[in-house]
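Q: Please take me through this model one feature at a time, giving the general idea before the particular case. I would like to begin with a single side chain and work outward from there.

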Amino acid sequence: MNQIIKDITAAQVKNLITPFKVGDGVRVHTKVREGDKERVQVFAGVVIAIKGSGIHETFTVRRISYGEGVERVFPVNSPNVEKVEVEKNSKPGKARLYYLRGRKGKAAMAVKEKRFEDTAAKA
C-alpha cells in the first residue's frame with residue numbers, strides 16, 4: 001500500500017528545491033491571495049525543524065517580530081511556496097532547534113554559523 005501512495009504522489013513532489021537544513025537562515029516566498037489579487041509575501045527566519053518525507057515533508061521557520069517569537073510551518077511541496085532562499089548557513093548541534101523558543105533577544109536567533117576557512121591563507 002505504501003508503494004502505491006508513493007507512486008501516486010511522485011508527480012506532485014517538487015524536484016527543484018533549494019537545499020537547506022535545520023539552523024539555516026531562510027527567506028520563504030509564499031503566494032498570498034487577497035480577493036482577486038495575488039502577491040508574494042516573504043517570511044524570513046531560522047529553520048528550527050524539518051519533518052516528514054515525500055509529499056508530506058514540512059519545515060518550521062521561526063523569527064522574532066516586534067519582540068514576539070513567531071513560528072510558521074510550510075509544506076515543502078506546496079504550490080503556494082514559490083521559492084526558498086538560503087541567507088546564511090549554519091552548523092547546528094541538534095536535529096530540531098526547539099531550545100531557541102526559550103531564549104530572548106539576539107540569542108533567540110543565534111545558531112552556530114558555519115565558517116568557510118581558507119586553507120591557503122593558513123599556509
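A: Lys21 is a convenient starting point: it is partly exposed, with a relative accessible area of 31%. On this scale buried means under 20% relative accessible area, exposed means over 50%, and partly exposed lies in between, with a 1.4 Å probe and protein chains only. The model is a predicted one, in which local features need pLDDT of at least 70 and side-chain atom pairs count only at pLDDT 80 or more, whereas totals for chains, interfaces and linings use all residues. Residues are numbered from 1 along each chain as its sequence is written, and side-chain values use heavy atoms, with hydrogens and water left out.

Q: With which residue does Lys21 form a salt bridge?

A: As a general idea, side chains of opposite charge can pair when their charged atoms come close. The criterion here is a side-chain nitrogen of Lys or Arg within 4 Å of a carboxyl oxygen of Asp or Glu. Lys21 meets this criterion with Asp24, where the closest N and O atoms are 3.4 Å apart. The two partners can be read separately: Lys21 is partly exposed at 31% relative accessible area, while Asp24 counts as buried at 1%.

Q: How many salt bridges does a search of the whole structure find?

A: The search finds eight. Among them is the pair of Arg62 and Glu71, whose closest N and O atoms are 3.0 Å apart; here Arg62 is buried, with a relative accessible area of 8%, and Glu71 is partly exposed, at 31%. Glu71 also meets Arg101 in a salt bridge, at 2.7 Å from N to O. This second pair links distant parts of the chain, 30 residues apart, since Glu71 lies in strand S4 (residues 68-75) and Arg101 in the loop between strand S5 (81-88) and helix H2 (119-122). Arg101 counts as partly exposed, at 43% relative accessibility. Elsewhere, salt bridges that share partners join Arg27, Lys83, Glu85 and Glu87 into one network.

Q: What pattern does the protein follow when read along the sequence?

A: Helices (H or I, at least four residues) and strands (E, at least two) are taken as DSSP runs and numbered from the N terminus. By that rule there are two helices and five strands, and they follow each other as α-β-β-β-β-β-α.

Q: In what order do the strands of the sheet stand?

A: Two strands pair if DSSP finds at least two bridges between them. The five strands form an open sheet with antiparallel pairing, in the order S4-S3-S2-S1-S5. S4 and S5 stand at the edges, each with a single partner strand, so one side of each is left without a neighbour in the sheet. As an example of a pairing, strand S1 (residues 25-34) and strand S2 (residues 37-51) run antiparallel and are joined by 10 bridges. Val28 stands opposite Phe43 in S2.

Q: Is His29 in strand S1 buried or exposed, and which residues is it in contact with?

A: His29 lies in strand S1 and counts as buried, at 10% relative accessibility. Contact means heavy atoms within 4.5 Å; leaving aside neighbours within four places in sequence, His29 is in contact with several residues, including Val40, Gln41, Val42, Val81 and Lys83. Its side chain also makes a polar contact with the side chain of Glu85, at 3.5 Å. A polar contact is a pair of N or O atoms within 3.5 Å; within protein, one must be able to donate a hydrogen and the other to accept it, and residues adjacent in sequence count only if both atoms are side-chain atoms.

Q: Where is Ser90 found, and what does its side chain reach?

A: Ser90 is in the loop between S5 and H2, where it counts as buried at 0% relative accessibility. Its side chain reaches the backbone oxygen of Gly23 at a distance of 2.7 Å.

Q: What does Val86 touch?

A: Val86 lies in strand S5 and is partly exposed, with a relative accessible area of 28%. Not counting residues up to four places away in sequence, Val86 touches Thr18, Pro19, Phe20, Asp24, Gly25 and Val26. By contrast, Val86 and Asn15 are 17 Å apart in space, C-alpha to C-alpha, and 71 residues apart in sequence. For the protein as a whole, residues 24 or more positions apart account for 54% of the contacts with a separation of 6 or more.

Q: How much of the protein counts as buried?

A: Of its 123 residues, 26% count as buried, and the C-alpha trace spans about 50 × 40 × 30 Å along its principal axes.
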